[in-house]
Amino acid sequence: MAHPPVELGTFPTPVEPAPRLAAALGLGPDDLWVKRDDLTGLGGGGNKIRKLEWTVGAALAEGADTLVTTGAAQSNHARLTAAAGARLGLDVVLVLRGSPGVSRSGNLALDGLFGARPVWAGEVDRAGLDAAAAAVCERLREKGARPALVPFGGSSVLGARGYVRCGEELRRQVPDLRTAVVALGSGGTMAGLVAALGADSVLGVDVGALPDPAAAAAEFAAPLTEETVAPDRLRVRRDQVGDGYARLTGPAAEALRLAARTEGLVMDPVYTGRALAGLAAAVRDGDVRPGERTVFVHTGGLPGLFGHAEAVAYAEEGAVPYDL
Ligand SMILES: *Cc1c(COP(=O)(O)O)cnc(C)c1O
């Protein structure tokens with residue numbers, strides 16, 4: 001049984017036209033709309049808020065007083081878990097990959113501002129990160145705390161329910177939607193959209209956070225829909241991963257500049273930059289066509305831009321001095 005969600009965000013988020021971006025991609029001026037899930041409110045906003053409403057709701061129902069979660073050093077999910085804890089008066093411990101030597105900017109600066117306590121797990125794989133989080137929970141229990149472990153990226157069947165709700169908003173806002181394009185990281189966001197809109201209507205762009213993200217999305221979606229969701233039935237592009245999650249790819253860099261200069265919209269280097277580059281590739285190869293309604297789901301990530309040295313350097317390159 002799912003526990004009731006706790007209200008953390010501001011919903012429904014707006015849907016806005018993006019005619020200049022559409023034209024730049026080779027679509028008609030009325031074909032492309034942006035679902036502003038970067039504007040979910042709490043803690044700088046982003047897609048993790050919708051998932052946290054459910055996972056933190058369950059933690060509260062269990063009587064937790066401390067939230068524990070895992071992520072990369074520049075995890076948007078970790079930052080928003082920190083904000084949710086602050087809002088609700090819960091302690092937050094973040095088990096992060098890497099070491100304290102990494103950039104203190106971006107999401108990490110906000111984690112500190114929200115009062116979350118970091119635990120540095122070193123250069124571990126996903127299993128190592130999970131083991132470190134289990135050890136932290138054990139230690140907290142010994143000290144008399146009541147920790148609840150929020151899953152990696154906030155993604156689980158429960159967390160994905162937040163994106164079922166987003167899919168329902170989209171169905172009302174854009175009734176003739178043909179394709180919703182979204183970044184695919186830990187899988188919960190795509191899973192919920194697939195459950196609400198159907199597998200044929202959601203295009204996920206893999207960012208390289210998991211070895212098999214389609215399997216994760218299918219696993220989280222299956223219990224939420226009558227439709228059969230096998231991983232190979234999902235529309236997933238894997239051509240935007242590049243040298244991996246943390247690196248800025250050429251197409252993502254171009255996408256950052258394009259969205260900024262056509263619509264004043266900021267993409268992040270890891271997720272939405274790749275997702276927009278994936279949409280551009282999908283238009284080129286005919287998977288997304290002019291004359292169909294496409295929604296780009298903007299999942300947030302702006303603070304991560306400032307914690308990403310390559311992306312900041314790239315953005316600064318664009319500042320060509322005005323020649324008087
Ligand atoms: C986490 C994240 C995603 C991916 O969502 P998942 O549910 O993990 O697949 C997309 N965009 C941003 C900005 C994110 O932080």
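At roughly what angle do the axes of helix 3 (residues 76-88) and helix 4 (residues 106-113) cross, and within what distance do they come? In this predicted model, the two axes cross at roughly 15 degrees and come within 9 Å. Angles under 35 degrees count as roughly parallel, so helix 3 is roughly parallel to helix 4. The crossing in which helix 3 passes helix 4 is left-handed. On the side of helix 3, the contact is made by Asn76, Ala78, Arg79 and Ala82, and on the side of helix 4 by Asn107, Leu110 and Asp111. Sorted by class, this contact of helix 3 with helix 4 has 3 nonpolar, 2 polar and 2 charged residues.

A second helix pair is formed by helix 6 (157-173) and helix 7 (188-197). Their axes come within 7 Å and cross at roughly 50 degrees; helix 6 and helix 7 are therefore oblique to each other. The crossing of this pair is right-handed. Helix 6 contributes Ala160, Tyr163, Val164, Cys166, Gly167, Glu168, Leu170 and Arg171 to the contact, while helix 7 contributes Gly188, Thr189, Ala191, Gly192, Leu193, Ala195, Ala196 and Leu197. By class, the residues of the contact of helix 6 with helix 7 comprise 10 nonpolar, 4 polar and 2 charged.

Both of these helices also take part in the largest nonpolar core, which has 42 residues. Within this core, the residues with the most contacts are Leu170, Met190, Leu193, Val194 and Leu234. Two or more residues are given to the core by each of strand 4 (91-96), helix 5 (126-142), helix 6, strand 7 (177-184), helix 7, helix 8 (213-221) and strand 10 (293-298). Helix 7 gives the most, with 7 residues. Leu170 and Leu193, listed among the core residues with the most contacts, also belong to the contact between helix 6 and helix 7.

Helix 8, another contributor to the core, is mostly covered, with 7 of its 9 residues buried. The buried residues of helix 8 are Pro213, Ala214, Ala216, Ala217, Ala218, Phe220 and Ala221. They pack against helix 6, strand 7, helix 7, strand 8 (202-206) and strand 9 (235-237).

Strand 7 can be followed through one of its residues, Leu177. Is Leu177 buried or exposed? Its relative accessibility is 16%, and because buried means under 20%, Leu177 counts as buried. Leaving aside residues up to four places away in sequence, Leu177 touches Leu170, Ser201, Arg293 and Val295. With Arg293, which lies 116 residues away along the chain, Leu177 has a C-alpha separation of 5.0 Å.

A further helix pair is made by helix 9 (residues 250-263) and helix 10 (residues 272-284), which pack at an angle of about 90 degrees with their axes 8 Å apart. Angles of 65 to 115 degrees count as roughly perpendicular, which means that helix 9 is roughly perpendicular to helix 10. Pro251, Ala252, Ala255, Leu256 and Ala259 of helix 9 meet Gly273, Arg274, Leu276 and Ala277 of helix 10 in this contact. The residues of the contact of helix 9 with helix 10 divide by class into 7 nonpolar, 1 polar and 1 charged.

Note on methods: Residues are numbered from 1 along each chain as its sequence is written. This is a predicted model: local features need pLDDT of at least 70, side-chain atom pairs count only at pLDDT 80 or more; totals for chains, interfaces and linings use all residues. Side-chain values use heavy atoms; hydrogens and water are left out. Axes are lines fitted to C-alpha atoms, for helices over the stretch in contact, and angles run from 0 to 180 degrees between N-to-C directions. Helices (H or I, at least four residues) and strands (E, at least two) are DSSP runs, numbered from the N terminus. Angles under 35 degrees count as roughly parallel, over 145 as roughly antiparallel, 65 to 115 as roughly perpendicular and the rest as oblique. A crossing is left-handed if the near helix is turned anticlockwise from the far one by less than a right angle, and right-handed if clockwise. Contact means heavy atoms within 4.5 Å. Ala, Val, Leu, Ile, Met, Phe, Trp, Tyr, Cys and Pro count as nonpolar, Asp, Glu, Lys and Arg as charged, and the others, Gly among them, as polar. A nonpolar core is a set of buried Ala, Val, Leu, Ile, Met, Phe, Trp, Tyr and Cys residues joined through side-chain atoms within 4.5 Å. Buried means under 20% relative accessible area, exposed over 50%, partly exposed in between (1.4 Å probe, protein chains only).
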